[in-house]
Amino acid sequence: MTHAPNLTPTVLSQDDLKTLVGQAALRYVVAGDIVGVGTGSTVNKFIDALAAMKDQIKGAVSSSVASTERLQALGITVFDCNDVAELSVYIDGADEIDHQGYMIKGGGAALTREKIVAAQSHQFVCIADESKLVQTLGTYPLPVEVIPMAVNRITRQFEAMGATVVLRQKDGVPLVTDNGQYILDVRGLHIADPLGFEAQVNQWPGVVTVGVFAFQKAQVCLLGTASGVKTLTF
Ligand code: 5RP
């Protein structure tokens with residue numbers, strides 16, 4: 001008896017797309033180098049894939065305690081950022097990315113360390129499923145890491161822009177970042193000029209890091225789509 005071929009197209013879940021881009025990012029890892037590693041569920045797929053290459057790299061610089069723990073559990077050496085002058089590549093996810101490579105990041109509260117590691121890397125490769133690609137940044141609530149004593153002042157400054165602001169909570173109390181600070185999630189912004197916006201908010205006293213990555217934008221985005229991984233370059 002012969003069976004008719006199954007012509008039903010395979011529907012890839014968001015998790016499948018994250019796995020695809022996590023694996024695709026391996027081709028940007030330079031043998032013999034130290035790789036910059038971001039934070040989040042998409043990056044976790046990359047870290048898992050990187051385990052297969054662990055004997056070909058010196059190790060990693062990590063952007064969070066969570067990623068450090070995952071890397072070390074897989075036997076990948078994690079270097080202190082201060083001990084590494086520059087990195088060939090930084091691989092990280094995003095909450096939103098636009099068609100210029102500007103991003104909103106910080107959904108996982110790791111934005112400050114992510115920006116630091118990105119700043120010392122020659123190339124930022126963003127890995128994301130297609131839901132993250134936007135025309136204009138701002139639909140995703142913008143994370144801003146702030147010094148606790150400045151929470152109300154910075155809240156008022158965003159409210160004056162017409163935004164609404166929520167202090168991020170965990171288990172009923174304000175979430176404390178790896179750096180001992182708080183996160184504000186800012187809704188209702190339409191960020192048409194990411195470079196200007198980042199430069200402006202960076203000047204507000206008490207802002208540690210704003211989650212707009214314009215000065216540290218991506219040069220490449222590996223975008224997971226229903227028809228496979230698309231490579232966008234900026
Ligand atoms: C963490 C980040 C992440 O890159 C961003 O939140 C995307 O996460 P995920 O891959 O889980 O969707 O900026 O601070």
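This is a guided tour of a predicted model of one protein chain, stop by stop.

**The whole chain**

Start with the full chain in cartoon view. The protein chain contains six helices and 16 strands. Its radius of gyration is 19 Å, close to the 17 Å given by the globule rule for 234 residues, so the chain is as compact as a globular protein of that length. Along the principal axes, the C-alpha atoms fill a box of roughly 70 × 45 × 35 Å.

Next, switch on the surface. The protein chain exposes about 11,100 Å², and carbon and sulfur atoms supply 51% of that area. Of the 234 residues, 48% count as buried. Among contacts with a separation of 6 or more, 72% are between residues 24 or more positions apart.

Colour the charged side chains if you like. There are 17 positive and 23 negative side chains, and the centres of the two sets lie 2 Å apart.

**Stop 1: Thr42**

Select Thr42, which is found in helix H2. Is this residue buried or exposed? Thr42 counts as buried, at 5% relative accessibility, the cut-off for buried being under 20%. Show the residues around Thr42: beyond the neighbours within four places in sequence, Thr42 is in contact with Lys18, Val21, Ile127 and Ala128. Then draw a distance from Thr42 to Leu17, C-alpha to C-alpha. These two residues are 25 residues apart in sequence and 8.8 Å apart in space.

**Stop 2: Lys58**

Helix H2 covers residues 41–50, and Lys58 sits in the loop between helix H2 and strand E2. Lys58 is exposed, with a relative accessible area of 55%, where exposed means over 50%. Which residues does Lys58 touch, not counting those up to four places away in sequence? They are Gly32, Asp33, Ile34, Thr77 and Phe79. For a distance across the model, pick Lys58 and Val146: their C-alpha atoms are 34 Å apart in space, and the two residues are 88 residues apart in sequence.

**Stop 3: Ser64**

Move along the chain to Ser64, in the loop between strand E2 (59–62) and helix H3 (65–73). Ser64 is buried, with a relative accessible area of 4%. Not counting residues up to four places away in sequence, Ser64 touches Thr39, Ala110 and Asp178. Display the side chains of Ser64 and Thr39: a polar contact of 2.8 Å joins them.

**Stop 4: two positive phi angles**

Two residues are worth selecting for their backbone angles. Begin with Ala109, in the loop between strand E6 (103–104) and helix H4 (111–119). Ala109 is not a glycine, yet its phi is positive, at about 70 degrees. Ala109 counts as buried, with 12% relative accessibility.

Then go to Asp171, in the loop between strand E10 (169–170) and strand E11 (173–174). What is the phi of Asp171? The value is near 55 degrees, which is positive in a residue other than glycine. Asp171 counts as exposed, at 75% relative accessibility.

**Stop 5: Glu198**

Select Glu198, in helix H6, residues 194–202. Glu198 carries a negative side chain under the counting used here, and with 2% relative accessibility it counts as buried. Leaving aside neighbours within four places in sequence, the contacts of Glu198 are Lys115, Val210, Val212, Phe213, Ala214, Phe215 and Gln216. Keep Lys115 on screen for the next stop.

**Stop 6: Thr209**

The last selection is Thr209, in strand E13, residues 207–210. Thr209 counts as buried at 7% relative accessibility. Which residues is Thr209 in contact with, leaving aside neighbours within four places in sequence? They are Leu111, Thr112, Lys115, Pro143, Val144 and Glu145. Lys115 therefore appears in the contact lists of both Glu198 and Thr209, a contact being heavy atoms within 4.5 Å.

Zoom in on Thr209 and Thr112: their side chains make a polar contact of 2.7 Å. Finally, draw a C-alpha distance from Thr209 to His122. These residues are 87 residues apart along the chain, and their C-alpha atoms are separated by 20 Å.

Note on methods:
Residues are numbered from 1 along each chain as its sequence is written. This is a predicted model: local features need pLDDT of at least 70, side-chain atom pairs count only at pLDDT 80 or more; totals for chains, interfaces and linings use all residues. Side-chain values use heavy atoms; hydrogens and water are left out. Helices (H or I, at least four residues) and strands (E, at least two) are DSSP runs, numbered from the N terminus. The radius of gyration is taken over C-alpha atoms; the globule rule is 2.2 Å times the number of residues to the power 0.38. Buried means under 20% relative accessible area, exposed over 50%, partly exposed in between (1.4 Å probe, protein chains only). Accessible areas come from the Shrake-Rupley method with a 1.4 Å probe; for residues, only the protein chains shown count as cover. The place of a charge is taken as NZ of Lys, CZ of Arg, CG of Asp or CD of Glu. A polar contact is a pair of N or O atoms within 3.5 Å; within protein, one must be able to donate a hydrogen and the other to accept it, and residues adjacent in sequence count only if both atoms are side-chain atoms.
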